[in-house]
Amino acid sequence: MSWLWAIIVGFVLGLIARAILPGKQHQPLWLTTLFGIAGAVLGNAVATWIGVGETRGIDWIRHLLQLAGAVAVVALGEMVYGSIRGRRRQTT
């Protein structure tokens with residue numbers, strides 16, 4: 001069941017990250033979901049590193065770090081995806 005939650009949270013974080021980023025992103029939704037999952041993992045790692053990974057109540061700082069990680073990963077992933085996709089178009 002934890003994999004299902006990871007996919008759902010990654011999808012939601014990826015969509016929010018795409019909405020925050022300016023301009024249109026051309027990556028498919030499955031890739032946005034993977035980037036959202038990676039951002040959530042990155043945000044959890046940073047939260048644990050700074051000591052706010054587990055707190056009482058709602059972990060607002062951890063959630064904000066997950067969102068920031070998702071925005072960073074989606075932005076970097078869009079650049080990489082765009083450059084790979086652009087190269088494919090030029091060679092075909």
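A nonpolar patch of about 850 Å² lies on the surface of this predicted model. Leu4, Trp5, Ile8, Val9, Phe11, Val12, Leu15, Ile16, Ile20 and Leu29 make it up. Helix α1, residues 2–20, gives the largest share, with nine residues.

Take Val12 as a sample of the patch. Val12 sits in helix α1. Its relative accessible area is 41%, so Val12 counts as partly exposed. The bounds for that class are 20% and 50%. A residue needs over 30% to join a patch, and Val12, at 41%, therefore meets that cut-off.

Now turn to helix α2. It runs over residues 29–50, 22 residues in total. From first C-alpha to last, α2 reaches 31 Å, close to the 32 Å expected at 1.5 Å a residue. Its buried residues are Leu31, Thr32, Thr33, Phe35, Gly36, Gly39, Ala40, Gly43 and Ala47. An α-helix has 3.6 residues a turn, so residues three or four places apart point the same way. Look at Gly36, Ala40, Gly43 and Ala47 among the buried residues with that in mind. After α2 comes Gly51, with a positive phi near 90°.

Last, the largest pocket. Its volume is about 270 Å³. Lining it are 14 residues, and the closest to its centre are Val9, Leu13, Ala40, Asn44 and Gln66. Helices α1, α2 and α3 (60–91) each give two or more residues to the lining. The largest share, six residues, comes from α1. Two names return here from earlier paragraphs. Val9 is part of the nonpolar patch, and Ala40 is one of the buried residues of α2.

Conventions
Residues numbered from 1 in each chain as written. Predicted model: local features only at pLDDT ≥ 70, side-chain atom pairs only at ≥ 80, totals over all residues. Heavy atoms only, no water. Helix = DSSP H or I, 4+ residues; strand = E, 2+ residues; numbered from the N terminus. Expected span 1.5 Å × (residues − 1). Buried < 20%, exposed > 50% of the residue type's maximum accessible area, 1.4 Å probe, protein only. Patch = residues over 30% accessible without salt bridge, like charges linked within 9 Å, V, L, I, M, F, W, Y side chains within 5 Å. Areas by Shrake-Rupley, 256 points an atom, 1.4 Å probe, with all protein chains shown as cover. Salt bridge = Lys/Arg side-chain N within 4 Å of Asp/Glu carboxyl O. 1 Å grid on protein atoms, 1.4 Å probe; cavity = no way out; pocket = protein on both sides within 12 Å on 5 of 7 lines; lining within 4 Å. Points joined across faces, edges and corners; volume = space filled by probe spheres on them.
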